[in-house]
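User: Hey, I've just been handed this one and I'm new to it. Can you walk me through it?
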Amino acid sequence: MDHDVKFSVRSSSIGLTERLQFDGNVTVVRQLATEQEILCMCYTESHDFLAAGLTDGSVKLHKTSPKGDNLVLRDVETTQKPSPVTAIKHRPVHRSRPITRTLLSTYANGCVKCWHYPSSQCLYTIREKRQTLGLAYHNYLPKFVTVGDDTKLFLYDEETKKLERVFHASDSLEVMDGHKSRVFSACFNPKSAHELISGGWDDTIQFWDTRQPYAMRRISGVHICGDGLDISKNGKEILTCAWQRDNAVQLWDYGSGKLLVTIEPDSYTSLLYCGKFVTNMFLACGGSDTNLFRVVDLRSQATLALIRNLNGGTYSFDVGPVNPKYAKKTRTLFVVPQLAFCAGRQIFEIDAQPG
């Protein structure tokens, strides 16, 4: 299925053919379906495709414009030994760096694969001896980190394809300077060449420096089960979106680790898998139990847009381009880019704007 479904909903609790429930000013720009459950997704660098990582080990790329064909990323290894795709991302886009048209994907069997997606060719494969559960790119250096079920973080140099450092807890029984359980999320500080954070099942956010193996400090009481960590562009605030009933969405001071604010659910609670800053003014998150995707206005801490009653939890989402009809607005800070998220076997691309 590859077609556009367009409808706008401006009031709450309106049922559609799939019994979706909408709150706020939301337009579904595109709705796509796959044959398998989607565990992760992202836009490509130029927003020309939406890439979905599936449970059967394939990566499906759906075109976002009328031109071109949909693509499938599979090689002999992922065909003969299929394993769920746990994360998929592209290098951060900078004006000074050429677009590579590559995607990096991780798999539950420990594979890390780099794809040149226009040719559907796998450029290289790294094989880790663990379940690899997530990845994060450095914001401007050619490096990335992977996380997994062995409590460790692996830092790679993208140019040499070599493992640079393993981050882990020390043997000390007096301090908790690393993770004690599986790790699902990591995020580099955009204002530092060396600092990153990570979170997982041990209910801690660990702070790391790439020049040393052990964590420097931590935040406790945050249960991360997906890509639920982010750092603001100015490097001063941490966003945590946690798989827990209480205090699911919180903002923390990066420097001190102190809690700044807990953003309460104003309508429906959800056990969150994913979340990130959309702009300086907005964040988005998604989860399960109440299967929903939510956009929050950081100024009022209220929900700008909400889609619920989805056919599956929201495991992943990405930030897309600004809709051209808003691009010339003088106050572009208040414009929300298009967003795409996955739920079950579907991807929804939406436009949500303040009323």
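User: Let's start with Lys143: buried or exposed?
Analyst: Lys143 is buried, with a relative accessible area of 17%. Keep in mind as we go that this is a predicted model.

User: Which residue does Lys143 form a salt bridge with?
Analyst: Its partner is Glu164, and the closest N and O atoms are 2.7 Å apart. Glu164 lies in strand S16 (residues 162–167) and Lys143 in strand S14 (residues 143–148), so the pair ties together parts that are 21 residues apart in sequence.

User: And how accessible is Glu164?
Analyst: Glu164 is partly exposed, at 41% relative accessible area.

User: How many salt bridges are there in the whole structure?
Analyst: A search of the whole structure turns up 19. One of them joins Asp227 and Lys89, with 3.0 Å between the closest N and O atoms.

User: Where do Asp227 and Lys89 lie?
Analyst: Asp227 is in the loop between strand S20 (217–220) and strand S21 (229–231), while Lys89 is in strand S9, so this pair ties together parts that are 138 residues apart in sequence. Asp227 is partly exposed at 27%, and Lys89 is partly exposed too, at 21% relative accessibility.

User: What about Arg245, which residue does its side chain meet in a salt bridge?
Analyst: That would be Asp289, at 2.6 Å from N to O. Arg245 lies in the loop between strand S22 (237–241) and strand S23 (249–253), and Asp289 in the loop between strand S26 (282–288) and strand S27 (292–297), so they tie together parts 44 residues apart in sequence.

User: Which residues do salt bridges that share partners join into one network?
Analyst: Asp75, Glu77, Lys113 and Arg127 are joined that way.

User: OK, new topic. You put Lys89 in S9; what's the strand order in the sheet with S9?
Analyst: The order is S9-S10-S11-S12, an open sheet of four strands with antiparallel pairing. Strand S9 (85–89) and strand S12 (121–127) are the edge strands, and each pairs on one side only. From one strand to the next, the twist averages 20°.

User: How many bridges pair S9 and S10?
Analyst: Four bridges, in the antiparallel sense, with S10 covering residues 102–107. Within that pairing, Ile88 stands opposite Ser105 in S10.

User: What comes just before S9? I'm looking at Ser83, where is it?
Analyst: Ser83 sits in the loop between helix H1 (76–80) and S9. Ser83 is buried, with a relative accessible area of 7%.

User: Which residues is Ser83 in contact with, leaving aside neighbours within four places in sequence?
Analyst: Ser83 is in contact with Thr55, Asp56, Gly57, Tyr107, Ala108 and Asn109.

User: There's another open sheet of four strands, right before that one in the numbering. What's its order?
Analyst: That sheet runs S5-S6-S7-S8, and its pairing is antiparallel. Its edge strands are strand S5 (38–43) and strand S8 (71–73), each of which pairs on one side only. Neighbouring strands of this sheet are turned by 20° against each other on average, ignoring direction.

User: And how many bridges are there between S6 and S7?
Analyst: Strand S6 (residues 49–54) and strand S7 (residues 59–63) pair over five bridges in the antiparallel sense. Gly53 stands opposite Val59 in S7.

User: Switching to rings, how many aromatic pairs does the count come to?
Analyst: The count comes to ten. Among them, Phe144 and Tyr156 are stacked, with 5.2 Å centre to centre and 25° between the planes. Phe144 lies in strand S14 and Tyr156 in strand S15 (residues 153–157), so the pair ties together parts that are twelve residues apart in sequence.

User: Are those two rings on buried or exposed residues?
Analyst: Phe144 is buried, with a relative accessible area of 1%, and Tyr156 counts as buried at 5%.

User: Which residues do ring pairs link into a cluster?
Analyst: Phe293, Phe317, Phe341 and Phe348.

User: Last one: how many disulfides does the structure hold?
Analyst: Zero.

User: Why no bond for Cys114?
Analyst: The closest cysteine sulfur to that of Cys114 is in Cys122, 7.4 Å away, which is too far for a bond. Cys114 is buried at 4% relative accessibility, whereas Cys122 is partly exposed at 24%.

Conventions: Residues numbered from 1 in each chain as written. Predicted model: local features only at pLDDT ≥ 70, side-chain atom pairs only at ≥ 80, totals over all residues. Heavy atoms only, no water. Disulfide = S-S within 2.5 Å. Buried < 20%, exposed > 50% of the residue type's maximum accessible area, 1.4 Å probe, protein only. Pairing = 2+ DSSP bridges. Helix = DSSP H or I, 4+ residues; strand = E, 2+ residues; numbered from the N terminus. Axes fitted to C-alpha atoms, helices over the stretch in contact; angles between N-to-C directions. Contact = heavy atoms within 4.5 Å. Salt bridge = Lys/Arg side-chain N within 4 Å of Asp/Glu carboxyl O. Phe/Tyr/Trp six-rings, centres within 6.5 Å; stacked < 30°, edge-to-face > 60°.
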